[in-house]
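Please open the model in your viewer and keep the selection panel at hand. The stops below can be followed in order, each beginning with something to select.

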Amino acid sequence: MLARTFLRRFPQNVMATQAVQASSSVGNIKAAKSNNGVQLLCKENVSNLVSLKFAVLGGASAETEEEKGAAHMLSVSAFAGTKNKNGIRLMRELEDIGATVSASADREKITIDVTVMSNMAELAFERVAETIVSPPKNNFVIMDYFGAAQLAYENKAKTPKHLLDELLHEAAYGEATPMGSSQFAEDLSQLKPESILSYRNHQYTANNLIIAGSGLTSEMLKNYTDKYLNDLSNTGDNNNNNNVTYQYSGGDAKLKGNFNGKTYVALAFPSDSKDKAYNVLKLLLQNKVNKVTDITKATGEVACFNAPYSKGGLWGVYVCGNSAEVSNKLINTAIQELKGFTNNVPTADLETVKNQLTLEKTAALESESVTCALLSSHMTSTAPSDYINFNTVTANDVQNAAKNSLKAVPTYAVLGKTAGVANYPTIMKLVSA
């Protein structure tokens, strides 16, 4: 709120400093490749802490039917051990040098995050690199993490936002497609260790790996990679998982359930991950809906989103209402306000949002989340200087993004108390009218 107030009151001051901020934020970002093809991204800066993000491209979208759930399972068992070390020894070695580690998986990648004091950076890199190059000695070791994976499944099943996201992707891309199928196995107990290792073999390759680093030099990052990941094969798929098709189709999906009597709805449209107008449009719509709705948080909530992928993306609005009537009202309001942006984008609002986004992206490159920002920039094929600069986005760009969205086949997902919620033909009419 404070940043937004500042931007409104002093937009010229912010604009005047953006060039300096951009220069300092991206001038020390360097890209390189290791000898065997690992893509390296480094924010060179002086710091007592080094942050590293290892990203294996593909994620759940690269799984075969037999491998469904493998990416998530590999993230859960990321520190289960290697050919020469068991998991206990591996974690003890990381803890001994003060490293904090975590792992996760999504539709496009498996990531391992590491934070460590700068004087221990090489040791941390070596130990994490070993987990990428070398799987556990015995297949059953991975399945020892079945309980942890199952717990994650159960938690996701209780989370409306996650379930709505699953429905949304299924409706947007198709149930049996790489981006439309679930990130999780239908029955985790049927996932075999051989299938997990099969996925590992075709995805854990040098030219399918990106490493983003901060707090060290690009030369150091390359030297570590050449030294500790040189044995990683580069015979797999090309970088960025080029063989996976992201074909948007649009459609609807509905799942009835009891989530405290609430109705969750999502409306989405295809977006271009390289077109920053969608970022601007998302924030403009959020601000506008917040102003014009009289629904309180006690009865309903609206959250606009933009999910860029390496190939396209989804953007739209999530709605939660205590009744179908509230959810219908909020979705209808969002559609009408979106239509308004096809004809008019207020200059003052546009400048405020552009300044806010530039400030947020610049701050990301200066914060602890810098490796996440570097990875996001790379995966959407956006140069860091463009990633943080929204000054070039015009009102016409935003109008075109709104028009293109309304021309597309919408994606509509409903979860929870579904009785009385607007059906898909009704949404189609509202969007196209």
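Select Lys-276 and Phe-390 to begin, and in this predicted model you will find that Lys-276 lies over the face of Phe-390, at 5.4 Å from the ring centre. Then turn to Lys-311 and Tyr-246, where the charged end of Lys-311 sits over the ring of Tyr-246, 5.4 Å from its centre.

Next, colour the rings of the aromatic residues, among which a search of the whole structure finds 9 aromatic pairs. One of these to select is Phe-54 with Phe-125, a tilted pair with 5.2 Å centre to centre and 55° between the planes. This pair links distant parts of the chain, since Phe-54 belongs to strand E3 (residues 49-57) and Phe-125 to helix H5 (residues 121-133), 71 residues apart. Are Phe-54 and Phe-125 buried or exposed? Both of them are buried. Add Tyr-224 and Tyr-228 to the selection, and you have the four members of one aromatic cluster, Phe-54, Phe-125, Tyr-224 and Tyr-228.

Now move to strand E10, residues 313-321, and show it together with its surroundings. Of its 9 residues, 9 are buried, so E10 is largely enclosed by the rest of the structure. Which strands pair with E10? Strand E8 (residues 263-270) pairs with E10 in the antiparallel sense over 8 bridges, and strand E9 (residues 300-308) runs antiparallel to E10 and is joined to it by 9 bridges. To see individual bridge partners, select Leu-267, whose partner in E10 is Val-317, and then Phe-305, which stands opposite Gly-316 in E10. Follow the chain between E9 and E10 as well, where the two strands form a hairpin with 4 residues between them, and where Gly-312 in the turn has a positive phi of about 80°.

Keep E8 and E10 displayed while you look for the second largest cavity, which has a volume of about 50 Å³. Its lining consists of Leu-267, Phe-269, Leu-285, Trp-315, Gly-316, Val-317, Ala-334, Ile-335 and Leu-338, so that list can be used directly as a selection. Strands E8 and E10 and helix H12 (324-340) each supply at least two residues of this lining, which divides into 8 nonpolar, 1 polar and no charged residues.

From there, go to the largest cavity, in which about 120 Å³ of space lies. It is lined by 13 residues, and the closest to its centre are Leu-74, Ser-77, Ala-78, Thr-131 and Arg-200. Sorted by class, this lining has 9 nonpolar, 3 polar and 1 charged residues. In total, the count comes to 4 cavities of 30 Å³ or more.

Finish at an open site, the second largest pocket, which holds about 910 Å³ of space. Select Lys-68, Ser-182, Phe-184, Ala-185 and Glu-186, which lie nearest the centre of this pocket among the 29 residues that line it. Then display helix H7 (146-157) and helix H8 (160-173), each of which supplies at least two residues of the lining. Which of the elements gives the largest share of the lining of this pocket? That share comes from H8, with 5 residues. If you colour the lining by class, you should see 11 nonpolar, 8 polar and 10 charged residues.

Definitions and conventions
Residues numbered from 1 in each chain as written. Predicted model: local features only at pLDDT ≥ 70, side-chain atom pairs only at ≥ 80, totals over all residues. Heavy atoms only, no water. Buried < 20%, exposed > 50% of the residue type's maximum accessible area, 1.4 Å probe, protein only. Pairing = 2+ DSSP bridges. 1 Å grid on protein atoms, 1.4 Å probe; cavity = no way out; pocket = protein on both sides within 12 Å on 5 of 7 lines; lining within 4 Å. Points joined across faces, edges and corners; volume = space filled by probe spheres on them. Nonpolar A, V, L, I, M, F, W, Y, C, P; charged D, E, K, R; others polar. Phe/Tyr/Trp six-rings, centres within 6.5 Å; stacked < 30°, edge-to-face > 60°. Lys NZ or Arg CZ within 6 Å of the ring centre and 35° of its normal.
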